[in-house]
Amino acid sequence: MISSLRLRALPYALGILVWALGPCLVAQALPTTAVVGSVDVDDGPHVIWKGSRSQVFRIRGGRLEVEAAQGRVILALPGVAASPLVLRPAKPLPARAVFPGPSKILALSDIHGRFDRMLELLKAHGVVDDRLRWTFGHGHLVILGDVMDRGPGVTESLWFLKALEGAARKEGGWVHVLLGNHETMVASGDLRYLHRKYAGKIPGLPSQPELYGPESELGRWLRSLPVLLKLGDFLFVHGGISPELLASGLDLQRINACFRSAFGLRARQAEGEVALLLGSSGPVWYRGLLAPGGRPSSTEEEVDQVLARFQVKALVVGHTSLEHVTAFHEGKVFGIDAGIQEGRPGEAWIWEKGRAWRGTAEGGREALQP
């Protein structure tokens, strides 16, 4: 449901009512129908900006609907966000990436379009309630990249996390979403891992790279996100910090800034430090920090050098699917990709009261012993 009524305060129920009684968006329903696989497709919304004007694309039952708006847009997203989301023409500022240590952190990685699994884990551990309201207080939620590709709930997952950012801030908490290799793949046109829901061509609908391009609402948001996040004594990164990246001398701020500027490029299109960041030794691709990563594993000395460079006590990484959230290198590295992408219930990494925990899908906890 989409509305652009210029209201300063719009609770969810009122947003639904206003939309039903008199939306101000100029709707243009295009006479196009497409079927992906053997079932009708529902997807969206996708918002594309042209200055202060926007077009909102939505697919219902395989049929494309397009609505035009001027100025801010208010999206009611039932089942995805607790309150309507207000969008403005201005691009978001780069996300903050360095914080003092929070009292509690919950981190998930490699959601891969499994919106259902993500919600189950967040509800089980008290991050959101059944109405998708933030219930984690001053805690920090970290999503460690690869929200995109493979699964059928990519659009819902992205809108949910974007909306939850604002809801958390109002309650004194934070939501941090980091970029992974699959966000960079889709933005650069590498669509090998799209779920079939997104792979069909629907006349009039922008391509996947355009839906996440620099003029789209979700694309602009992705370009504001970091690849490295420091919360107190922990450094969060989707893949890892390679010896090559460490030797480059790039610091956290420079890595984030360079990666944002290069988002949408492929490594072969880049040179110098940008090529390093986008390549196999970059922060979203490197696997050497985890023993099952399929690369020569980082040595203890290399791990210690990373910790010293970024002035942290441990790294938290995803990218490499594991049976369980696991501690490596005597608790200096935590691997937290627990197979959500494969349809497994998944697990969460939790830091609270000075201890690291494995959070189960049922809401239980197990201490992570090095």
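Q: Which kind of unit do E11, H2 and E12 make, and what is its handedness?
A: This model is predicted. In it, 4 bridges join E11 to E12, and the two strands run parallel. Helix H2 (residues 115–124) packs on the sheet and touches both E11 and E12, among other strands. Together E11, H2 and E12 make a β-α-β unit, and its hand is right-handed.

Q: In what order do the 6 strands of the open sheet stand?
A: E11 and E12 are joined by 4 bridges. Another 4 bridges join E12 (residues 140–143) to E13. The pairing in the sheet is mixed. The full order is E13-E12-E11-E19-E20-E21.

Q: Which strands stand at the edges of this sheet?
A: The sheet is open, with 6 strands. An edge strand here has a single partner, so one of its sides is left without a neighbour in the sheet. The twist averages 25 degrees from one strand to the next. The two edge strands are E13 (174–177) and E21 (365–367).

Q: Which residue stands opposite His140 in E13?
A: His140 belongs to a strand with bridges on two sides. On one side, Ile105 stands opposite His140. On the other, 4 bridges join E12 to E13, which run parallel. There the residue opposite His140 is Trp174.

Q: What is the bridge partner of Ile143 in E13?
A: Strand E12 covers residues 140–143 and runs parallel to E13. Ile143 is one of the buried residues of E12. Its bridge partner in E13 is Val177.

Q: Which residues of E12 are buried on each side?
A: In a regular strand the side chains alternate between the two faces of the sheet. Both faces of E12 are covered. His140 and Val142 are buried on one side. On the other side the buried residues are Leu141 and Ile143.

Q: Which helix makes a right-handed β-α-β unit with E12 and E13?
A: The two strands run parallel and share 4 bridges. A helix of residues 154–170 lies across both, running at about 150 degrees to E13. The helix that completes the right-handed unit is H3.

Q: At roughly what angle do the axes of H2 and H3 cross?
A: H2 packs on the sheet, and its direction makes about 160 degrees with that of E11. H3 lies across E12 and E13. The axes of H2 and H3 come within 9 Å, and they cross at roughly 35 degrees.

Q: How many nonpolar residues does the contact of H2 with H3 have?
A: H2 brings Phe115, Met118, Leu119 and Leu122. H3 meets them with Glu156, Ser157, Phe160 and Leu161. By class, 1 residue is polar and 1 is charged, while the nonpolar residues number 6.

Q: Is Val56 buried or exposed?
A: Val56 is found in strand E6 (residues 53–60). Its C-alpha lies 9.7 Å from that of Ser216, although 160 residues separate them in sequence. The cut-off for buried is under 20% relative accessible area. Val56 has 1%, so Val56 is buried.

Q: Which residue is linked with Glu217 and Arg220 in a network of salt bridges?
A: Glu217 and Arg220 both lie in helix H7 (residues 217–222), 3 residues apart, about one turn of the helix. Their side chains meet in a salt bridge of 3.1 Å, N to O. Both residues are buried. The residue linked with them in the network is Lys162.

Q: How many residues apart are Glu273 and Arg254?
A: Their side chains meet in a salt bridge of 2.5 Å, N to O. Glu273 is in helix H10 (residues 272–278), and Arg254 is in helix H9 (residues 252–262). Glu273 counts as partly exposed at 29% relative accessibility, and Arg254 does too at 41%. The pair links distant parts of the chain, and the separation is 19 residues.

Q: Which residue forms a salt bridge with Glu347?
A: Glu347 lies in the loop between strand E18 (333–335) and E19, and its partner lies in strand E20, so the pair ties together parts that are 11 residues apart in sequence. Glu347 counts as buried at 9% relative accessibility. The partner is buried as well, with a relative accessible area of 15%. The closest N and O atoms are 3.5 Å apart, and the partner is Arg358.

Q: How many salt bridges does the structure hold?
A: One of them joins Glu217 and Arg220. Another joins Glu273 and Arg254. The structure's total is 15.

Terms used
Residues numbered from 1 in each chain as written. Predicted model: local features only at pLDDT ≥ 70, side-chain atom pairs only at ≥ 80, totals over all residues. Heavy atoms only, no water. Pairing = 2+ DSSP bridges. Axes fitted to C-alpha atoms, helices over the stretch in contact; angles between N-to-C directions. Contact = heavy atoms within 4.5 Å. Buried < 20%, exposed > 50% of the residue type's maximum accessible area, 1.4 Å probe, protein only. Right-handed = clockwise from strand over helix to strand, strands pointing away. Nonpolar A, V, L, I, M, F, W, Y, C, P; charged D, E, K, R; others polar. Salt bridge = Lys/Arg side-chain N within 4 Å of Asp/Glu carboxyl O.
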